[in-house]
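Biologist: I have a chain open on my screen and would love a guided tour. Could you walk me through it, one question at a time?

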Amino acid sequence: QVHLVDSGGGLVQPGGSLRLSCAASGGIFSDYTMDWYRQAPGKQRDFVASINSGGGTNYADSVKGRFTISRDNAKSTVYLQMNNLKPEDTAVYYCYAVRGAVKIAWGQGIQVTVSS
């Protein structure tokens, strides 16, 4: 059974940076596409970024040029580097592992708050 643990969130001022981490245990991490999603209060959970097993990436338009997703297969960890943060980036961020059309696991979520 795959278990994902999100970390690295917190409170940051507009224009600041944070790096989120998602550590996986169990399963074969290198086989998975790893995504980040976020959910603001009262809103649906939205896609943020994705990195596939070959290292190919994809981003939501709202974060392109500001966020970077990366992975370290040796550490079974995926990262989300978030720069030039805006108040509208405030949300709970979740990592998500998928293999093809098969959902593997969600992380527990980590709060990111962008406020002065």
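**Strands, core and turns**

Modeller: Let's start with a facing pair: Y37 stands opposite Y94 in β9. Please keep in mind that this is a predicted model, in which local features need pLDDT of at least 70 and side-chain atom pairs count only at pLDDT 80 or more, while totals for chains, interfaces and linings use all residues. Residues are numbered from 1 along each chain as its sequence is written, and side-chain values use heavy atoms, with hydrogens and water left out.

Biologist: Thanks! How many helices and how many strands does the protein chain have?

Modeller: Helices (H or I, at least four residues) and strands (E, at least two) are DSSP runs, numbered from the N terminus. From the N terminus on, every element in the series β-β-β-β-β-β-β-β-β-β-β is a strand. The count is therefore zero helices and eleven strands.

Biologist: Which strand pairs with β4 over seven bridges?

Modeller: Two strands pair if DSSP finds at least two bridges between them. Strand β4 (residues 33–39) is joined to β5 (residues 45–51) by six antiparallel bridges, with M34 partnered by I51. The seven bridges, also antiparallel, link β4 to strand β9 (residues 91–99).

Biologist: Which residue in the turn between β4 and β5 has a positive phi?

Modeller: β4 and β5 form a hairpin with five residues between them. In that turn, a phi of about 75° belongs to G42.

Biologist: Is β4 largely enclosed or open, and how many of its residues are buried?

Modeller: Buried means under 20% relative accessible area, exposed over 50%, and partly exposed in between (1.4 Å probe, protein chains only). β4 is largely enclosed by the rest of the structure because the buried residues number five of the seven.

Biologist: Which residues have the most contacts inside the largest nonpolar core?

Modeller: A nonpolar core is a set of buried Ala, Val, Leu, Ile, Met, Phe, Trp, Tyr and Cys residues joined through side-chain atoms within 4.5 Å. The largest one has 31 residues, and those with the most contacts inside it are L4, M34, W36, L80, M82 and Y93. At least two residues of this core come from each of β3 (18–25), β4, β5, β7, β8, β9 and β11 (110–114). In soluble globular proteins, nonpolar side chains tend to be buried together. To name the residues with the most contacts again: L4, M34, W36, L80, M82 and Y93.

Biologist: D6 catches my eye. The backbone nitrogen of which residue lies 2.8 Å from a polar atom of its side chain?

Modeller: D6 is found in strand β1 (residues 3–7) and is buried, with a relative accessible area of 3%. Contact means heavy atoms within 4.5 Å, and D6 touches residues including C22, W36, Y94 and Q108. A polar contact is a pair of N or O atoms within 3.5 Å; within protein, one must be able to donate a hydrogen and the other to accept it, and residues adjacent in sequence count only if both atoms are side-chain atoms. The backbone nitrogen at 2.8 Å belongs to G109.

Biologist: Where does N84 lie, and is this residue buried, partly exposed or exposed?

Modeller: Most residues other than glycine have a negative phi, and most peptide bonds are trans. N84 has a positive phi near 50° and lies in the loop between β8 and β9. At 42% relative accessibility, N84 counts as partly exposed.

Definitions and conventions: Lists of a residue's contacts leave out its neighbours within four places in sequence.
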